[in-house]
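Okay, thanks for coming, everyone. I'll put the structure up and then walk through a few spots.

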Amino acid sequence: MPKLWNDTIASHRAAVRTVVLDATGAVVAERGLTGVTMAEVAQRSGIGRATLYKYFADVESILTAWHQRQVAEHLRQLSEIWERTHRIEDVLEAYAFICHEHPPSEAAASLHRSAHVDHARQHLVSFIADRLVTVRDDVPPKELATYCIHALQAAGAVPSKAAVRRLVKVTLDGLGAPATGRGGGGAGR
């Protein structure tokens, strides 16, 4: 087949996938994860159910793809914040607000057990650890990153933005004193 034809088909498939995932996000926002149905997603996407089934086998596969896109976007946001500010405080605060805006639920638990979440979690730990290498000499950076991530996931259960900011401060304070002999850095104090 000609390259142009393949590019056109690939672009069309990507566009349909984007529309479906956008529609899924709208349904999730209105009705929650358990409110997503194939019929509703097809209707909101403007495609037939038969076409939807060509792209996704069931609601679970749609939700997994949608969630994977959400997680990738969150990681992109954190990277962008780091590139803009080079402050771990800003990255950790942004992560805490992501957790606050998406509190854990029973319905979300199955999505969080997916392979894409494990991969994203490993990426997040490495990303934060790489920014914490100068914080302490006595604790490996990946352990510090894991501490931060677990501590800040509690932001999903706090009642306000002020409480999220306090949680970030407590987490940063928990990192301890800056490392000695590594040329500064620290957690921004």
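Quick bit of vocabulary before anything else: a helix here is a DSSP run of H or I at least four residues long, and the numbering starts from the N terminus. Also, keep in mind that this is a predicted model.

So, the pocket. The largest one holds about 830 Å³ of space. There are 29 residues lining that pocket, and those closest to its centre are His67, Val71, His74, His102 and His112. Which helix gives the most to the lining? That's helix 4, with 7 residues. Helix 4 covers 59-85, and at least two lining residues each also come from helix 5 (88-101), helix 6 (106-112), helix 7 and helix 8. If you like it by class, the lining splits into 19 nonpolar, 8 polar and 2 charged residues.

Now to a helix pair. Helix 7, residues 115-131, packs on helix 8, residues 141-153, at an angle of about 115°, and the axes are 8 Å apart. On the helix 7 side, the contact uses Leu124, Val125, Ser126, Ile128 and Ala129, while helix 8 brings Pro141, Lys142, Ala145, Thr146 and Ile149. Count those up by type and you get 7 nonpolar, 2 polar and 1 charged. The crossing, by the way, is right-handed.

Last stop, Arg165, which sits in helix 9, residues 161-174. Buried or exposed? Neither, really: Arg165 has a relative accessible area of 43%, so it counts as partly exposed, given that buried means under 20% and exposed over 50%. Skipping neighbours within four places in sequence, Arg165 contacts Glu93 and Phe97. Its C-alpha is also 9.8 Å from that of Leu92, 73 residues away along the chain.

Definitions and conventions
Residues are numbered from 1 along each chain as its sequence is written. This is a predicted model: local features need pLDDT of at least 70, side-chain atom pairs count only at pLDDT 80 or more; totals for chains, interfaces and linings use all residues. Side-chain values use heavy atoms; hydrogens and water are left out. Axes are lines fitted to C-alpha atoms, for helices over the stretch in contact, and angles run from 0 to 180 degrees between N-to-C directions. A crossing is left-handed if the near helix is turned anticlockwise from the far one by less than a right angle, and right-handed if clockwise. Contact means heavy atoms within 4.5 Å. Ala, Val, Leu, Ile, Met, Phe, Trp, Tyr, Cys and Pro count as nonpolar, Asp, Glu, Lys and Arg as charged, and the others, Gly among them, as polar. Buried means under 20% relative accessible area, exposed over 50%, partly exposed in between (1.4 Å probe, protein chains only). On a 1 Å grid over the protein atoms alone, a cavity is a set of points where a 1.4 Å probe fits but cannot get out, and a pocket is an open set with protein on both sides within 12 Å along at least five of seven lines; lining residues have an atom within 4 Å of a point. Grid points are joined across faces, edges and corners, and a volume is the space filled by probe spheres set on the points.
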